[in-house]
Amino acid sequence: MTATTSSAATTSAATTTEPALSVRNLWKIFGNKADGIIGTPDADLSRKELQAKTGCVMAVKDVSFDVAPGEVFVVMGLSGSGKSTLVRCLTRLIEPTAGSIMLDGVDVSAANESKLRELRRSHVSMVFQDFGLLPHRQVIDNVAYGLEIRGVGKKERRTKAAEIVELVGLEGYENSYPDQLSGGMQQRVGLARALAGDPSMLLFDEPFSALDPLIRRDMQNEVIRLQADLHKTLVFITHDLQEALKLGDRILIMRDGEVVQIGTPDEVVGAPADDYVRDFTSEVPRARVLTLKWVMRDPLPDDSSEGPVMTSDTIIRQAARAALASEHPVRVVDDGVLVGIVDDEAILRVVVAEEDTDVDVTP
């Protein structure tokens with residue numbers, strides 16, 4: 001399959017600054033003599049055909065992408081798509097078969113064990129579905145555990161841990177034990193532990209998939225809130241499209257180890273790369289995801305100079321009330337330049353269409 005990428009994916013914010021994470025031609029094939037498959041006709045076989053012929057399993061196939069500093073980059077796919085293997089390859093918890101990974105200027109692919117330990121302790125933290133809390137330790141000491149491993153003194157690490165506990169909304173539970181907390185609160189402890197070392201990047205591997213829906217929504221909102229304050233670089237793995245659309249600045253969609261599409265939420269919904277993505281997004285309420293750029297027309301000389309002024313990245317749902325209340329069409333202005341016009345009919349076509357859907361992708 002040929003991966004389809006948006007202009008945002010191919011140019012990204014990395015054109016003006018170095019990417020926080022750059023992955024090029026990453027492969028992970030499980031099985032004997034797996035590295036001998038790359039570059040041969042066998043590499044073009046489907047996953048099922050390859051396994052039948054060689055006994056090897058293609059988990060990640062020739063994946064490339066950049067993540068900009070401060071970006072929330074979501075990797076989405078169904079079970080078996082390769083997304084969790086991919087995120088574990090990024091810090092070589094799973095050894096890639098081939099490819100290059102640059103993380104915060106460090107060549108992860110070539111790093112020795114000492115460099116990898118330093119990278120995992122100081123630059124990157126992971127948050128898993130399994131909270132992995134130490135049952136015999138109080139919340140404050142679970143949060144401080146990573147600092148303890150790094151040799152930080154008890155007083156300093158407890159002070160830092162107390163700050164993070166407050167940051168994630170666990171103030172008052174410092175002396176509680178994990179089994180005294182709800183699932184959502186335990187995941188907050190896991191998130192706090194990941195943040196305590198002040199990493200530049202956080203890797204989330206389906207961290208909320210085991211939580212009840214309401215708690216899951218609360219934790220998604222917590223990630224959004226923390227990201228607004230901390231501006232970390234996040235790589236977030238999920239099988240849930242709703243979660244991907246809600247959290248992601250950009251989304252990478254995987255199937256059978258390959259990239260199907262990379263794009264912003266509105267690009268994935270508005271311009272799906274193929275029938276697979278189109279089917280995935282068919283029930284998404286488009287007015288809550290698409291922006292005005294998807295419904296605007298070119299300006300004409302006789303267009304009114306009055307009417308609401310909005311930018312092209314305004315979500316249609318957010319624009320609808322002001323647009324429909326005005327006697328004049330919306331004027332879409334970017335950087336002081338009139339780039340489009342949106343009339344009531346264009347707004348209504350999208351808003352009315354979402355009445356048949358019930359997926360909530362709002363923060």
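The following exercises concern strands and their pairing in a predicted model.

**Exercise 1.** Determine whether strand 8 (residues 201–205) is enclosed by the rest of the structure or not, and state where its side chains point.

*Solution.*
1. Buried means under 20% relative accessible area.
2. Five of the five residues of strand 8 are buried, so the strand is largely enclosed by the rest of the structure.
3. In a regular strand, side chains alternate between the two faces of the sheet.
4. Met201, Leu203 and Asp205 point one way from strand 8, while Leu202 and Phe204 point the other way.

**Exercise 2.** Identify the strands that pair with strand 8, and trace the chain from strand 8 to strand 9.

*Solution.*
1. Strand 7 (residues 124–128) runs parallel to strand 8, and five bridges join them.
2. Within this pairing, Ser125 has Leu202 of strand 8 as its bridge partner.
3. Strand 9 (residues 233–238) also pairs with strand 8 in the parallel sense, over five bridges.
4. Here Leu202 stands opposite Leu234 of strand 9.
5. From strand 8 the chain passes through helix 9 (residues 213–230) to reach strand 9, a β-α-β crossover that is right-handed.

**Exercise 3.** Give the strand order of the open sheet of four strands, and name its edge strands.

*Solution.*
1. The order is 3-2-5-6, and the pairing is antiparallel.
2. Strand 3 (57–67) and strand 6 (106–107) are the edge strands, since each pairs on one side only.
3. Strand 6 pairs with strand 5 (residues 98–103) in the antiparallel sense over two bridges.
4. Met102 has Asp107 in strand 6 as its bridge partner.

Note on methods:
Residues are numbered from 1 along each chain as its sequence is written. This is a predicted model: local features need pLDDT of at least 70, side-chain atom pairs count only at pLDDT 80 or more; totals for chains, interfaces and linings use all residues. Side-chain values use heavy atoms; hydrogens and water are left out. Buried means under 20% relative accessible area, exposed over 50%, partly exposed in between (1.4 Å probe, protein chains only). Two strands pair if DSSP finds at least two bridges between them. A crossover is right-handed if, with the strands pointing away from the viewer, the path from the first strand over the helix to the second runs clockwise.
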